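Q: I am new to this structure. Please take one part of the model and go through it closely, then say briefly what lies elsewhere in the chain.

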Amino acid sequence: RSLDFEEGDSYELEVQARDGGGLFDTAKVTITVTDKNDNTPVISVRSALSEISEDAPSGTTVALLHVHDQDSGANGAVRCSLDGDVPFRLEKSFEDYYRVVTARELDREQVSEYNVTVRAADGGSPSLQSSAVLALRVLDVNDNAPVFAEERYSARLAENNAAGALVLTVRATDADWGQNARVRYRLSEGRVRGAPLSSYVSVQAETGALYALRSLDYEQVRELELWVRAEDGGAPALSSNVSVRLLIVDENDNAPQVLYPPPVAAAAGSGAAWSGVELAPRCAAAEAAAAPGEPAASLTRWLVLAVAAVSCLFVAFLLLLLALRLRRWRRRHLLPPDSGALRGVPVSHFVGIDGVRAFLRSYSHEVSLTADSRKSQLRFSAASCCDTLPARPPPDEPAPLLGVEDPA
């Protein structure tokens, strides 16, 4: 039969030679068996984990292996390695024993299961090798908070909505597994006009649907700013928040109402003229009547007064500008600077009795002008000279045509 080095590496034989006369001789023969690389390395898994937590620290032992090759010399020298890029490494503990340990932290969200292949190869030529596979499942740890699908949410809701109307739906996902990935929603605490936010809106814990609990009024609340929290089912639980902005859309549901004059005052003095009319929504008028000192009514009143004051100043400015232009126009046409004649004086005042004199060469005068042309005066000084036009006499005396000259 064939020899096997692993069964015996040497044999001793005693050989006897005998002749026909009965003589013999013996000799001892030693046979040494040379090893041949005919045995593959054997990997024995002495202990191994089937599950490992993803937060296991680096260096955690996963399996203990024993590797043996029956060949001798270089044929029995075994080298072990791990296949692929895995977060594990091999460490030799003693003699032919190896440990498989974690090389870094694990992340179940990236890889949830590993099939670690341990390969052993001897130093023969050709080299023989064998392998063993370690199946390892990574256990989840609640290390991921819920993440909302959008950075912020906004919605528009018409006022006078029905109670329980659906506003919008927020959605968050958790990368963890099982109970750690179960997400529940709730509103963060807040107040609106002194009332709890939860009395205006609510969120469904399982689906994230946001509902309006009451009919909203644009004249009271124009927008709602709130935060929705998503919380997973881990221990301890992780959470994240998202901002939700709800805009109330105005509808034409308020008729105009006269704020001034009040209806009672108008009825008492029906002959008095109105000094102003202000239009406002019915709810604003009711608030102004109920609480005259509230900021909204006060602001409206001051705005009306400001508009009236600006209008009066503008009209006064226009009247002043018109008066100045009229005065300049009348002065330019009544006393032109480039003419020596007097306008508005009858021709008979410049003609002598004998019809020879047509105009007095020298005269002095004073002119008084006003904005009213009926009150303008033209006065001549009597002490100027003999050729001066006399002042107009009173109505009961006839006015001389020319000044009286001395007969001498």
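A: What follows looks at one residue, Asp140, and then at a sheet and an annotated stretch.

The model is predicted. Asp140 is found in a loop, with strand E10 (129-139) before the loop and strand E11 (147-148) after it. Asp140 counts as buried because its relative accessibility is 18%, and the cut-off for buried is under 20%.

The side chain of Asp140 has two partners to describe here. One polar contact, at 3.1 Å, is with the side chain of Arg108. Another, at 2.8 Å, links the side chain of Asp140 to that of Asn180. Both Arg108 and Asn180 are also among the residues in contact with Asp140 once its neighbours within four places in sequence are set aside. The others on that list are Glu54, Glu109, Asp176 and Trp177.

Another part of the model is an open sheet of four strands, paired antiparallel in the order E3-E5-E8-E7. Strand E3 (42-48) and strand E7 (88-94) form its edges, each pairing on one side only. On average, neighbouring strands in this sheet are turned by 30 degrees against each other, direction ignored. E7 and strand E8 (residues 97-102) run antiparallel and are joined by six bridges. Leu90 has Val100 of E8 opposite it.

Last comes the annotated stretch. An unreviewed UniProt entry carries the annotation "transmembrane region" for residues 302-324. In the model, residues 302-324 are 100% helix and 0% strand. The C-alpha atoms at the two ends of this stretch are 33 Å apart.

Key: Residues are numbered from 1 along each chain as its sequence is written. This is a predicted model: local features need pLDDT of at least 70, side-chain atom pairs count only at pLDDT 80 or more; totals for chains, interfaces and linings use all residues. Side-chain values use heavy atoms; hydrogens and water are left out. UniProt positions are given in the numbering used here, feature names are shortened, and annotations may be inferred rather than shown by experiment. Buried means under 20% relative accessible area, exposed over 50%, partly exposed in between (1.4 Å probe, protein chains only). A polar contact is a pair of N or O atoms within 3.5 Å; within protein, one must be able to donate a hydrogen and the other to accept it, and residues adjacent in sequence count only if both atoms are side-chain atoms. Contact means heavy atoms within 4.5 Å. Two strands pair if DSSP finds at least two bridges between them. Axes are lines fitted to C-alpha atoms, for helices over the stretch in contact, and angles run from 0 to 180 degrees between N-to-C directions.
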